[in-house]
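This briefing has been prepared for a reader who wishes to examine a protein together with its ligand. The sequence and structure are shown first.

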Amino acid sequence: MPPEPAAPRFLAACRREPVDRPPVWMMRQAGRYLPEYREVRGQVGFLELCKTPDLACEVTCQPIRRFGFDAAILFSDILIPVEAMGMPVEFVEDLGPVLDAPIRLRGDLDRLRVPDPEATMPFVPEAVRRIRRALPATPLIGFSGAPLTLAAYMIEGAGSKDFVELKRFLWADPEAARRLLRLVTDTVVLYLEAQVAAGAQAVQLFDTWAGVLAPRDYDELVLPYVTEIVARLRPRGVPIIYFVNGAAPLLERMKRTGADVMGLDWRVDLGEARARLGPDVAVQGNLDPVALHAPPAVIAERTRAVLAAGGGTGHVFNLGHGILPDTPIAGVEAMLAAIRGEASGGAG
Ligand code: CP3
């Protein structure tokens with residue numbers, strides 16, 4: 001077994017350096033499945049929580065304290081910079097984000113600006129600084145929505161099943177589409193740069209809805225912008241994770257973005273994904289989040305299968321999407337025991 005790495009195992013795995021075991025964190029690891037999170041949320045609304053640095057810091061730390069994950073992720077939401085661009089966002093219980101004046105015509109773009117993060121979202125870098133002080137030994141991941149995913153909310157005004165408004169807009173007025181994606185791309189770069197300047201040690205781009213596009217649309221409307229973001233962040237020196245929900249048909253295209261780590265949902269076989277992606281990129285994922293509801297022995301077996309498919313080096317263990325609010329704590333514990341059990345020599 002390789003020695004305990006000099007770098008924390010999360011950062012080492014992102015760089016495909018040897019690790020004693022794959023690092024683990026969970027998308028949405030701070031959230032409603034945790035009683036201590038529900039306790040805080042009983043006092044304040046979700047957006048207020050995002051915008052109050054000491055509370056955002058507190059809930060970021062909660063899953064680290066309870067489970068000792070190998071990375072922390074900034075507590076915020078992908079819609080925060082959309083609001084700063086000029087579109088007020090509301091979070092409706094059981095519905096998620098709602099924007100009351102979505103982009104439907106090219107003239108609507110005149111309402112948007114590329115916000116200065118320090119001036120319009122000072123609570124984000126401030127939360128990052130506080131988290132770094134509170135968790136000096138745990139790497140901190142900053143994040144942003146990717147352009148197409150943010151544009152999807154801006155045009156639909158909420159989540160969607162078929163994304164008819166999004167596609168209608170993109171195809172009816174390609175020039176306006178490019179203008180919107182340009183504004184969002186510039187916003188994302190400044191936003192992530194501000195998080196890194198404040199202390200974020202890695203960043204994740206969430207492209208939750210890129211998987212709803214046909215490959216030719218991905219090539220035109222996603223790839224150039226994500227590639228540009230990756231290139232512009234390169235000089236900052238932090239690993240870049242690129243998560244797509246519904247990644248299976250898009251793996252080779254995702255790799256062309258130049259991101260360091262490909263974040264994969266659970267619908268793709270991790271071993272096959274590694275074979276298609278090749279050895280020069282790391283992977284993150286991809287246990288089905290619903291598996292945490294299974295009996296402990298099933299969770300352990302499925303966790304070990306993901307670890308085996310991940311191949312050890314260059315694998316960041318994660319769920320294939322965010323943890324669900326009704327997930328039992330015991331399910332998370334069973335997953336972690338399986339990951340840590342391997343490290344204690346049982347696999348050998
Ligand atoms: O991962 C983490 O723990 C960091 C915090 C984080 C949240 N949202 C907190 C949150 C992150 C990284 C996100 C990203 C996010 N937000 C995405 C991309 C990842 C994904 O899930 O695909 C998306 C699409 C959103 C938009 C969003 N925010 C939706 C659709 C919802 C409603 C669905 C839901 O789970 O309630 C939210 C709300 C939200 N974001 C909550 C949390 C903890 C729940 C809010 C609450 O406490 O009531």
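The points below deal with the ligand site, the sheet and the backbone geometry.

The model is predicted. The ligand takes up the space of the largest pocket, and 23 residues surround the ligand. The protein also contains an open sheet of 7 strands with parallel pairing.

**Ligand site**

- Among the 23 residues around the ligand, those that come nearest are R28, R32, Y37, D77 and H321.
- By class, the shell around the ligand consists of 14 nonpolar, 5 polar and 4 charged residues.
- Helix α2, residues 35-41, contributes at least two residues to this shell, and strand β3, residues 96-99, likewise contributes at least two.

**Polar contacts and cover of the ligand**

- Y37 places a polar side-chain atom 2.5 Å from an oxygen atom of the ligand.
- T208 also has a polar side-chain atom at a short listed distance, 2.7 Å from an oxygen atom of the ligand.
- In the case of A30, a polar backbone atom is involved, and the separation from an oxygen atom of the ligand is 3.3 Å.
- On its own the ligand has 860 Å² of accessible area, of which the protein covers 88%.

**Sheet**

- The strand order in the open sheet is β1-β4-β5-β6-β7-β8-β9.
- The edges are formed by β1 (72-73) and β9 (315-319); each has a single partner strand, so one side of each is left without a neighbour in the sheet.
- Within the sheet, β5 (residues 202-207) pairs with β6 (residues 240-244) in the parallel sense, over 5 bridges.
- F206 has F243, in β6, as its bridge partner.
- In general, the strands of a sheet pair through backbone hydrogen bonds, in either a parallel or an antiparallel manner.

**Backbone geometry**

- Most peptide bonds are trans, and most residues other than glycine have a negative phi.
- The peptide bond from G285 to N286 is cis, with omega near -15 degrees.
- N286 belongs to strand β8, which spans residues 282-287.
- R16 is not a glycine, yet has a positive phi of about 60 degrees.
- The loop that holds R16 runs between α1 (9-14) and α2.

Technical notes: Residues are numbered from 1 along each chain as its sequence is written. This is a predicted model: local features need pLDDT of at least 70, side-chain atom pairs count only at pLDDT 80 or more; totals for chains, interfaces and linings use all residues. Side-chain values use heavy atoms; hydrogens and water are left out. A residue is near a molecule or strand if one of its heavy atoms lies within 4 Å of it. A polar contact is a pair of N or O atoms within 3.5 Å; within protein, one must be able to donate a hydrogen and the other to accept it, and residues adjacent in sequence count only if both atoms are side-chain atoms. Accessible areas come from the Shrake-Rupley method with a 1.4 Å probe; for residues, only the protein chains shown count as cover. On a 1 Å grid over the protein atoms alone, a cavity is a set of points where a 1.4 Å probe fits but cannot get out, and a pocket is an open set with protein on both sides within 12 Å along at least five of seven lines; lining residues have an atom within 4 Å of a point. A molecule sits in a cavity or pocket if more than half of its atoms lie within 2 Å of its grid points. Helices (H or I, at least four residues) and strands (E, at least two) are DSSP runs, numbered from the N terminus. Ala, Val, Leu, Ile, Met, Phe, Trp, Tyr, Cys and Pro count as nonpolar, Asp, Glu, Lys and Arg as charged, and the others, Gly among them, as polar. Two strands pair if DSSP finds at least two bridges between them.
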